Amino acid sequence: LPACVSYRVDADGERIFQANRGACNSLGYSQEELIGKGVFDFDPVMTPERLQHLMESSIRNNRVVFESCHRAKDGRIFPVEVDVTPFLFDGRHLAMALTRDITERKRHEDALLRLNRTLLTLSAGNEALVRAGSETELLERMCNILVSIGGHRLVWIDLTERPNGRELHPAASATADRAAHFGNHRVPSGDSLARAMESGEPVLIANIDSDALSAECRGAVVSAGGRCGAVLPLIANQGLIGTLSIFAETPEAFDKVELDLLKELADDLAFGIQAQRTHAEQQQSVARLQKTMEATIQALANTLELRDPYTAGHQRRVAALARAIALRIGLNAERAEVIYLAGMIHDIGKINVPSEVLTRPGKLTALEYSLVQTHVDAGYGLLQPIDFPWPLAEIVYQHHERLDGSGYPRGIRGDEIMLEARILAVADVVEATSAHRPYRPGLGLDTAMAEIESGKDQLFDPSVVDGCIALFREDGFRFE
């Protein structure tokens, strides 16, 4: 039976003069006790200003519907929807109010809002898993998401020293109240944490006062507005790797549906942590492999220079110039480094050329020159079987090709030639022309610049030539 009361509006304000059984049951008063009471006697949130506004609205529109709260005789406060209709009777201003207890409706609305918020949190958390560039960034973003989107008061993540370890250390945290002090004492020693770590299942902390939290930790939670919480274990393939602790203002924040979603988020987070660690290990392995490869390349370069003292330093100088040209024309650092490594061994095939030909002080005969040209094929043959993570063999194979097809060994032309090889070709010509050779003295940089400029468009890539000239004339590049 809906609660129904009738008010008499006079100089004393609004006073109940009739009340049905529904109103008596709802508020816990008898009819005799309700008669004569005013709105302020059982509506704790009503103010004179709001009441005046509602009265005017009801008279103007012949009806007004609003939400408020009622306080029962036993002190219980519950949400209500009030439907007021004013009328005149025998020249007197009266009003009839139908009141409905909307506790269940509010509970469902709040549950839906919390569920939507948790789903948004889960979505944002999954995005963080994809976008985070490191484990630290992932942990910090996840904590902030749970606070800013999830609406929780306090979140922290603790990690174990090793899989299935029992000693935790702080990894990340966030709080809705930035003024709340939350230092390094955030790892709790409560029963809930121990049960979560032991069982591998989420554990609720219905009341932080009943959990064996340390005094410092409890103080931090209270200062941040937390009254209850949940501890969710982070379990990866190797086992337990940490815990996710979340604190909110009310126990309703952790009903079964939301707790299941938070558990899904915790599982995703554990997967993300493991993925970040695997990626970091792979990056370290790649770095170690690259360092080993670079050392191998340096050893190959040193071997050739020991055999051919006249060209000692040639490969190193060509490599440095080629890298500088690559950066000057806009290539990224990674690609420029590959060109540098190719430059360091671009003449490795000369190890297959007789030393008396390489070190001969006079001009080479046609036969001897043809022997020198075989160093490109020999270099490719030496490098191609090695599983480098870069196309070094092909760059070395093409560095004597020319745009018009007049180069060797295959006579390819234009864009058939890798840009890396086109850069290496210009650097090789500049160093070889300017530096001393057994059969002639060095011709100097001006001659070298004139040679590549004269071959621009026909023999050499014009953008590479322009970049090389700019390096020397504008940037002050010099061979070491």
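Helices and strands here are DSSP runs, numbered from the N terminus, with at least four residues for a helix and at least two for a strand. With that in hand, let's tour some close-ups of this predicted model.

**Figure 1. A cis peptide bond leads into Pro409.** Start with the link from Tyr408 to Pro409: the peptide bond is cis, and its omega is near 10 degrees. Most peptide bonds are trans. Pro409 sits in the loop between helix 14 (392–398) and helix 15 (419–434).

**Figure 2. Asn62 has a positive phi.** Most residues other than glycine have a negative phi. Asn62 is not a glycine, yet its phi is positive, at about 65 degrees. You can find Asn62 in the loop that runs between helix 3 (48–61) and strand 3 (64–71). Is Asn62 buried or exposed? Its relative accessible area is 55%, and exposed means over 50%, so Asn62 counts as exposed.

**Figure 3. Asp457 also has a positive phi without being a glycine.** Here phi is near 80 degrees. Asp457 belongs to the loop between helix 16 and helix 17 (462–473). With a relative accessible area of 54%, Asp457 is exposed.

**Figure 4. Ala448 is a buried residue of helix 16.** Helix 16 covers residues 445–454, and Ala448 is part of that helix. Why does Ala448 count as buried? The relative accessibility of Ala448 is 0%, and buried means under 20%, so the label follows. Now look for Gly349, which is 99 residues from Ala448 along the chain. The C-alpha atoms of these two residues are separated by 24 Å.

**Figure 5. Helix 4 and helix 5 pack together.** Helix 4 spans residues 103–131 and helix 5 spans residues 135–148. How far apart are their axes, and at what angle do the helices pack? The axes are 10 Å apart and the angle is about 165 degrees. Because angles over 145 degrees count as roughly antiparallel, helix 4 is described as roughly antiparallel to helix 5. The crossing of the two helices is right-handed.

**Figure 6. Three residues form a nonpolar patch on the surface.** Which residues make up this patch? They are Phe87, Phe89 and Met96, and together they have about 290 Å² of accessible area. Take a moment with Phe87, which lies in strand 4 (residues 77–89). Its relative accessibility is 34%. That value falls between the 20% limit for buried and the 50% limit for exposed, so Phe87 counts as partly exposed.

Notes
Residues are numbered from 1 along each chain as its sequence is written. This is a predicted model: local features need pLDDT of at least 70, side-chain atom pairs count only at pLDDT 80 or more; totals for chains, interfaces and linings use all residues. Side-chain values use heavy atoms; hydrogens and water are left out. Patches are made of residues with over 30% relative accessible area and no salt bridge: like charges are joined within 9 Å, nonpolar side chains (Val, Leu, Ile, Met, Phe, Trp, Tyr) within 5 Å. Accessible areas come from the Shrake-Rupley method with a 1.4 Å probe; for residues, only the protein chains shown count as cover. A salt bridge is a side-chain nitrogen of Lys or Arg within 4 Å of a carboxyl oxygen of Asp or Glu. Buried means under 20% relative accessible area, exposed over 50%, partly exposed in between (1.4 Å probe, protein chains only). Axes are lines fitted to C-alpha atoms, for helices over the stretch in contact, and angles run from 0 to 180 degrees between N-to-C directions. Angles under 35 degrees count as roughly parallel, over 145 as roughly antiparallel, 65 to 115 as roughly perpendicular and the rest as oblique. A crossing is left-handed if the near helix is turned anticlockwise from the far one by less than a right angle, and right-handed if clockwise.
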